[in-house]
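Thanks for sharing this one. Here are some notes to read with the structure open beside you.

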Amino acid sequence: MASAIRVKNLVKTYGEVTALGGVSFAVDEGEVLALLGPNGAGKTTAVEILEGYRQADSGEIDVLGFRPTAGGRAFRDRIGIVLQETGIELVLTVREVIELYGVSYSRRRPADELISLVGLEEKADARIKTLSGGQRRRLDLALGLVGDPDLVFLDEPTTGFDPAARRKSWELVEGLTALGKTILLTTHYLDEAQHLADRIVVLNEGRIVAEGTPQSLGSAQAVTTVRFRMADPAGLPALGDGPDIEDNLVTYRVTQPTADLYSLTRWAVERGVELADLEVTRPSLEDIYLDIMDQADNERRQE
């Protein structure tokens with residue numbers, strides 16, 4: 001599959017501070033890639049370089065076949081950007097601002113279609129200054145899509161949304177991928193990345209510390225918890241980190257859950273033992289992300 005974004009050995013420094021220290025990754029056409037990392041990790045710098053608003057010090061950069069800083073109108077026509085904050089004329093209405101932004105693009109989606117897409121039908125003729133924070137973020141999404149882009153940069157797109165609005169926005173993003181759009185997403189909501197992203201790249205202090213699908217990310221160190229109750233937990237097999245027994249509650253922490261769970265249930269069946277309230281819990285993306293950050297910090301301290 002062709003790459004919509006491809007960067008190799010991307011470097012950007014500000015004086016003695018290295019914002020990006022040789023970052024390499026690619027985003028396939030039609031893929032959703034989530035760029036994660038703490039504040040100061042280099043996410044914003046990377047995205048601004050890919051958007052063409054900042055010049056890299058060195059490295060190979062290809063976005064939709066363009067070098068972003070030299071792509072001109074042809075490049076701008078094919079990307080959409082949803083920033084964390086936008087400066088919109090507050091006296092304009094929702095419909096007016098979408099139509100105004102649309103003039104800048106050679107191909108554009110109708111204002112009413114976008115208004116419906118982001119769920120602002122009741123506010124179509126309301127002035128921007130009357131919108132709530134969540135409604136303004138929906139408008140930001142509409143403005144990012146007004147040029148019918150092939151590649152969309154979503155920078156913290158659901159900040160300020162209530163849970164229902166966030167879910168609706170997720171459906172919108174899923175609809176864009178169904179149309180073949182490519183999306184680069186930055187977010188601090190780990191559940192959002194887990195729900196939307198095909199792949200995840202984790203940045204820390206200007207370098208990639210992990211990369212993979214939400215399911216495989218950190219799989220080498222991911223620990224699955226197996227927990228159940230037994231009236232008499234004596235004689236249990238030793239599996240992974242366990243058993244840990246507290247009263248009648250038995251806990252195993254394993255890194256090979258399929259094999260270990262098979263061994264455990266076979267042991268129980270052979271003895272006619274019931275594993276009451278059996279529960280298998282895989283670590284969430286947030287758990288894995290925090291483990292990755294801890295490991296990266298430990299490695300840095302040892303350097």
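**Notes on the model**

1. Let's begin with Ile 183, a residue of strand E7, which covers residues 182-186. Please keep in mind throughout that this is a predicted model. Is Ile 183 buried or exposed? Its relative accessible area is 0%, so Ile 183 is buried, the cut-off for that class being under 20%.

2. What does Ile 183 touch, once residues up to four places away in sequence are set aside? Its contacts include Glu 31, Val 32 and Leu 33. Ile 183 also touches Leu 151, Val 152 and Leu 154, and the list is completed by Val 173, Leu 176 and Thr 177. As a distance to try in your viewer, the C-alpha atoms of Ile 183 and Arg 54 are separated by 19 Å, with these positions 129 residues apart along the chain.

3. Now for the whole chain. The protein chain holds 9 helices and 13 strands, and its C-alpha trace spans about 75 × 50 × 35 Å along the principal axes. Of its 303 residues, 44% are buried. Taking contacts with a separation of 6 or more, 66% are between residues 24 or more positions apart.

4. The domain assignment gives domain 1 as residues 3-213 and domain 2 as residues 223-282. How far apart are the centres of domain 1 and domain 2? Taken over C-alpha atoms, they are separated by 45 Å.

5. A word on surface and charge. The accessible surface of the protein chain is about 15300 Å², and carbon and sulfur atoms hold 46% of that surface. There are 33 positive and 49 negative side chains; the centres of these two sets are 6 Å apart.

6. Helix H1, residues 43-51, is mostly covered, with 7 of its 9 residues buried. Which residues of H1 are buried? They are Lys 43, Thr 45, Ala 46, Val 47, Ile 49, Leu 50 and Glu 51, so you will find Lys and Glu side chains listed there along with Ala, Val, Ile and Leu. Just after H1 comes Gly 52, which has a positive phi of about 90°.

7. On to the aromatic rings: a search of the whole structure turns up 2 aromatic pairs. One of them is Phe 66 with Phe 75, a tilted pair with 5.7 Å from centre to centre and 55° between the planes. Phe 66 is partly exposed at a relative accessible area of 22%, whereas Phe 75 is buried at 0%.

8. Phe 228 and Tyr 252 also form an aromatic pair, and this one is stacked: the centres are 6.3 Å apart and the planes differ by 25°. Which parts of the chain does this pair link? Phe 228 belongs to strand E10 (residues 224-229) and Tyr 252 to strand E12 (residues 249-254), distant parts of the chain with the two residues 24 apart. Phe 228 is buried at 0% relative accessibility, and Tyr 252 is buried too, at 1%.

9. Strand E11, residues 241-246, deserves a look, as Pro 243 is found there. A cis peptide bond joins Gly 242 to Pro 243, with omega about 15°. Ile 245 also lies in E11 and is partly exposed at 39% relative accessibility. Leaving out neighbours within four places in sequence, Ile 245 is in contact with Pro 233, Leu 236 and Val 250. From Ile 245 to Val 7 there are 238 residues in sequence and 50 Å in space, C-alpha to C-alpha.

10. Two backbone angles to check by eye. Glu 156, a residue other than glycine, has a positive phi near 50°. Where is Glu 156 found? Glu 156 is in the loop between strand E6 (151-155) and helix H6 (163-178), and at 6% relative accessibility it counts as buried.

11. Asp 277 likewise has a positive phi, about 55°, although it is not a glycine. Asp 277 is found in strand E13, residues 276-281. Is Asp 277 buried or exposed? Its relative accessibility is 60%, so Asp 277 counts as exposed, the cut-off being over 50%.

Methods
Residues are numbered from 1 along each chain as its sequence is written. This is a predicted model: local features need pLDDT of at least 70, side-chain atom pairs count only at pLDDT 80 or more; totals for chains, interfaces and linings use all residues. Side-chain values use heavy atoms; hydrogens and water are left out. Helices (H or I, at least four residues) and strands (E, at least two) are DSSP runs, numbered from the N terminus. Buried means under 20% relative accessible area, exposed over 50%, partly exposed in between (1.4 Å probe, protein chains only). Contact means heavy atoms within 4.5 Å. Accessible areas come from the Shrake-Rupley method with a 1.4 Å probe; for residues, only the protein chains shown count as cover. Lys and Arg count as positive and Asp and Glu as negative; His and the chain ends are not counted. The place of a charge is taken as NZ of Lys, CZ of Arg, CG of Asp or CD of Glu. Domain bounds come from an automatic or database domain assignment. Rings of Phe, Tyr and Trp (its six-membered ring) pair if their centres lie within 6.5 Å; planes under 30 degrees apart count as stacked, over 60 as edge-to-face and the rest as tilted.
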